[in-house]
Amino acid sequence: MDLLVNQVLAGIATGAIYACMALAIVMIFQAIDHLNFAQGEMAMFSTFIAWQLMQWGVPYWWAFILTLIISFAAGVIIERVLFKPLAKAPVLTNVAGFIALFAIINSVAGLIWDFTIKQFPTPFGSSPFMGSQLISTHQAGMIGVTLVLLILLFLFFRFTRIGLAMRAAATLPESARLVGINTGWMIALGWGMATAIGAIAGILIAPVVFLEPNMMGGVLLYGFAAAVLGGLSSPLGAVIGGFLVGIFENLVGTYIPGVGNELKLPIALALIVIVLVVKPTGLMGRTVVKRV
Amino acid sequence: MSTIQETVAKTDAAAVDAPPKKSMALGRTTSLVMLVALLIVPLFVKNFVIFQLTMLLIYGIAVLALNILTGGSGQFSLGQSAFYAIGAYAAAILIEIGNVNYVLTLPIAGIICFAVGFLFGFPALRLSGVYLALATFALAVAMPQLLKLGVFEPWTGGVQGLVVTKPDAPFGLPISQDMWLYYFTLVVALVIYIASVNLLRSRSGRAMMAIRDNEIAASAMGVDISMYKTLAFGVSAGITGVAGALGAIAVQFVAPDSYTFQLAIALFLGMVVGGVGWLPGSLAGAAFIVFVPNIAEGISKGLSGAFFGVLLFLVIYLVPHGARQGAIYAETLLHKLRRS
């Protein structure tokens with residue numbers, strides 16, 4: 001029984017990271033209807049920035065906040081410079097753009113920081129959480145930070161003017177424009193926020209998977225799985241999907257013999273395919289009706 | 001309320017820019033010139049260059065396969081590296097463990113990949129462009145780990161991979177192994193190229209292009225959408241598998257980490273550079289992915305990814321139709337010169 005509880009809690013902790021990634025993916029998907037294949041690499045790069053700041057002697061939480069600001073700005077700039085001109089282009093061109101971004105970021109990170117594995121500090125420590133053996137303080141910290149983030153996002157979208165404008169621009173761009181919302185900037189804002197959320201995910205997971213340019217490959221795949229499971233059009237669904245996928249991954253790894261770390265990615269692949277086949281809209285997504 | 005909201009919100013852009021009304025193949029004269037060049041060049045260069053030219057043809061086949069899928073039927077795949085890997089492993093295992101003749105491994109690899117592609121495509125094809133890109137992306141990322149699995153290790157050699165022996169020229173022909181392999185690959189590439197051109201000109205090809213241009217209109221005209229989409233996916237995977245098998249024989253080595261997502265990026269890039277939907281462009285795209293990394297690595301190690309990415313951005317901004325645009329430009333220029 002202890003094993004089960006332990007695995008579920010650990011699953012929730014990694015699920016928190018998947019939830020962040022899924023949230024970042026969904027935010028961009030809602031804004032521009034495309035999947036950002038470079039999301040993981042962007043998060044990886046942000047994490048490297050945080051690491052670099054800490055190497056320079058910036059304290060953890062200052063580095064954390066600075067990284068978020070830098071990531072936000074970078075996200076806005078990437079949207080303005082690279083993807084705004086592609087807004088009306090065919091899907092293929094957009095996919096090509098994301099792939100190009102993926103390749104550039106991965107290669108540049110390797111160029112600047114090397115492909116060697118680096119330790120990443122955690123501010124929470126790794127001792128047992130509140131005297132219980134079930135969960136470490138870092139895992140508890142991961143869950144805590146994610147929950148705070150989610151509450152802040154919820155408040156932002158529910159109670160602020162600009163949050164409302166962003167929701168309007170995502171659901172009904174034409175009408176939003178008619179009532180005076182600058183939809184272009186709302187998209188850029190979405191990109192910035194998604195990049196910052198991705199940065200949080202990267203910084204939280206880095207102590208676990210260690211820092212290197214390819215560290216987000218698996219996390220991104222699970223983020224996609226979570227986003228698809230929750231429904232690509234629902235941020236809440238993405239979060240729930242993230243936690244579910246995290247728990248599922250851990251339980252499968254524990255209870256099905258032969259499925260260890262080496263099957264991590266194939267499991268994500270299977271999850272994505274199964275969800276897309278059985279319920280393409282995900283748990284909470286809207287059905288897309290196409291006009292003939 | 002919700003129905004109105006969604007029908008308005010989703011204005012579907014076409015998946016792929018429809019190619020202009022140009023044939024998807026080259027004219028007869030140009031084809032012959034190209035063929036003669038491909039036949040003669042290896043006689044005058046060193047063995048290493050011949051090896052590179054062989055890889056050029058092999059990647060050309062792989063890019064062509066992707067081009068049939070994307071340019072022909074308007075679907076995306078970021079998972080071509082997975083089919084390439086399956087083809088390569090099929091050939092390597094058959095040659096090294098099954099003692100099968102290397103010529104025979106090509107059709108077998110093709111059939112295996114066709115089956116895998118067909119099966120994978122079957123569920124994935126109920127999905128629109130982005131979702132298919134996602135599913136194939138997951139396949140490409142997961143593939144190296146699948147190949148490393150302990151269960152398959154007796155056949156795949158696990159992380160270490162397999163060494164493949166290079167075939168000698170048959171009938172006692174007095175040419176080097178590299179040169180023989182080049183001409184062998186050239187024949188295979190030609191057969192596949194001609195078959196692909198004919199496929200796209202056939203009834204099935206027209207059906208695929210109808211789906212690419214307007215899915216709803218195509219289905220209204222009685223085109224079996226899921227059938228043709230799956231077929232295109234299977235054919236593309238099969239051809240990629242043949243390319244993978246050739247690649248395994250040419251490189252003499254297969255290992256899980258040769259077939260990462262980077263390879264899928266390279267093939268995708270090759271297609272975009274060569275021009276989506278223009279089959280001869282596949283060779284231009286392949287030349288790009290064979291030679292550009294060498295140049296980029298020469299400038300700084302590990303830079304090829306960034307170089308690829310920047311060039312990809314340049315292509316989609318400046319020459320969205322890739323090499324085809326260049327070819328059309330050259331053609332009109334020739335016409336003008338002839339008239340004056």
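# A tour of the predicted model, chains A and B

Start by selecting B:Tyr59, B:Ala62, B:Val63, B:Leu66, B:Asn67 and B:Thr70 in H3(B), and then add B:Leu267, B:Phe268, B:Gly270, B:Met271 and B:Gly274 in H12(B), since these are the residues through which the two helices meet. Coloured by class, this contact between H3(B) and H12(B) shows 7 nonpolar residues, 4 polar ones and no charged ones. Keep in mind throughout that the model on the screen is a predicted one.

Now widen the selection to the whole of both helices, residues 47–73 for H3 of chain B and residues 261–274 for H12 of chain B, whose axes lie 9 Å apart and make an angle of about 75°. Angles from 65 to 115 degrees count as roughly perpendicular, and H3(B) and H12(B) are therefore roughly perpendicular to each other.

**Chain B as a whole**

With chain B selected in cartoon style, the secondary structure comes to 15 helices and 2 strands. Of its 340 residues, 51% count as buried. If you draw the contacts of chain B between residues at least 6 apart in sequence, 80% of them join residues at least 24 apart.

While chain B is displayed, go to the loop between helix H11 (225–251) and strand E2 (253–254), where B:Gln252 lies. Most residues other than glycine have a negative phi. B:Gln252, which is not a glycine, has a positive phi of about 65°. Is B:Gln252 buried or partly exposed? With 13 other C-beta atoms within 10 Å, B:Gln252 is partly exposed.

**Chain A as a whole**

Switch next to chain A, in which there are 11 helices and 2 strands. Following the cartoon along the sequence, you should pass through the pattern α-α-α-α-β-β-α-α-α-α-α-α-α. Taken along the principal axes, the C-alpha atoms of chain A fill a box of roughly 55 × 50 × 35 Å. The radius of gyration of chain A is 19 Å, which agrees with the value near 19 Å that a compact globule of 292 residues would have. Buried residues make up 51% of the 292 residues in chain A, and among its contacts with a separation of 6 or more, 74% come from residues 24 or more positions apart.

**The largest nonpolar core**

Which residues touch the most other members of the largest nonpolar core? Select A:Ile272 and B:Ala138, which have that place among the 210 residues of the core. Helix H1 (residues 2–32) of chain A gives the most to this core, contributing 19 residues. Centre the view on A:Ile272 and, leaving aside its neighbours within four places in sequence, show its contacts: A:Phe224, A:Ala225 and A:Val228 from chain A, together with B:Leu134, B:Ala135 and B:Ala138 from chain B.

**The end of helix H4 in chain A**

Move to A:Trp113, which lies in helix H4 of chain A and is partly exposed, with 19 other C-beta atoms within 10 Å. The cut-off for a buried residue is 20 or more such atoms. Add A:Pro213 to the selection: although A:Trp113 and A:Pro213 are 100 residues apart along the chain, their C-alpha atoms are separated by 8.3 Å.

Then select A:Asp114, which is found in the loop between helix H4 (91–113) and strand E1 (128–129) of chain A. A:Asp114 is not a glycine, yet its phi is positive, near 80°. Having 12 other C-beta atoms within 10 Å, A:Asp114 is exposed.

**The segment after H11 in chain A**

For the last stop, select A:Lys279, located in the segment after helix H11 (264–278) of chain A. A:Lys279 is partly exposed, with 13 other C-beta atoms within 10 Å. Its C-alpha atom is separated by 9.1 Å from that of A:Gly231, which is 48 residues away along the chain.

A:Met284 also lies in the segment after H11 of chain A, and A:Met284 is partly exposed, with 18 other C-beta atoms within 10 Å. Which residues does A:Met284 touch, not counting those up to four places away in sequence? Show A:Gly230, A:Gly231, A:Ser234, A:Leu236 and A:Gly237 to see them. Finally, draw a distance from A:Met284 to A:Ile135, a pair 149 residues apart in sequence and 30 Å apart in space, C-alpha to C-alpha.

Conventions. Residues numbered from 1 in each chain as written. Chains lettered and ligands numbered in written order. Predicted model: local features only at pLDDT ≥ 70, side-chain atom pairs only at ≥ 80, totals over all residues. Axes fitted to C-alpha atoms, helices over the stretch in contact; angles between N-to-C directions. Helix = DSSP H or I, 4+ residues; strand = E, 2+ residues; numbered from the N terminus. Parallel < 35°, antiparallel > 145°, perpendicular 65-115°, else oblique. Contact = placed C-beta atoms within 7 Å. Nonpolar A, V, L, I, M, F, W, Y, C, P; charged D, E, K, R; others polar. Rg over C-alpha atoms; globule rule 2.2 N^0.38 Å. Core = buried A, V, L, I, M, F, W, Y, C linked by C-beta atoms within 7 Å.
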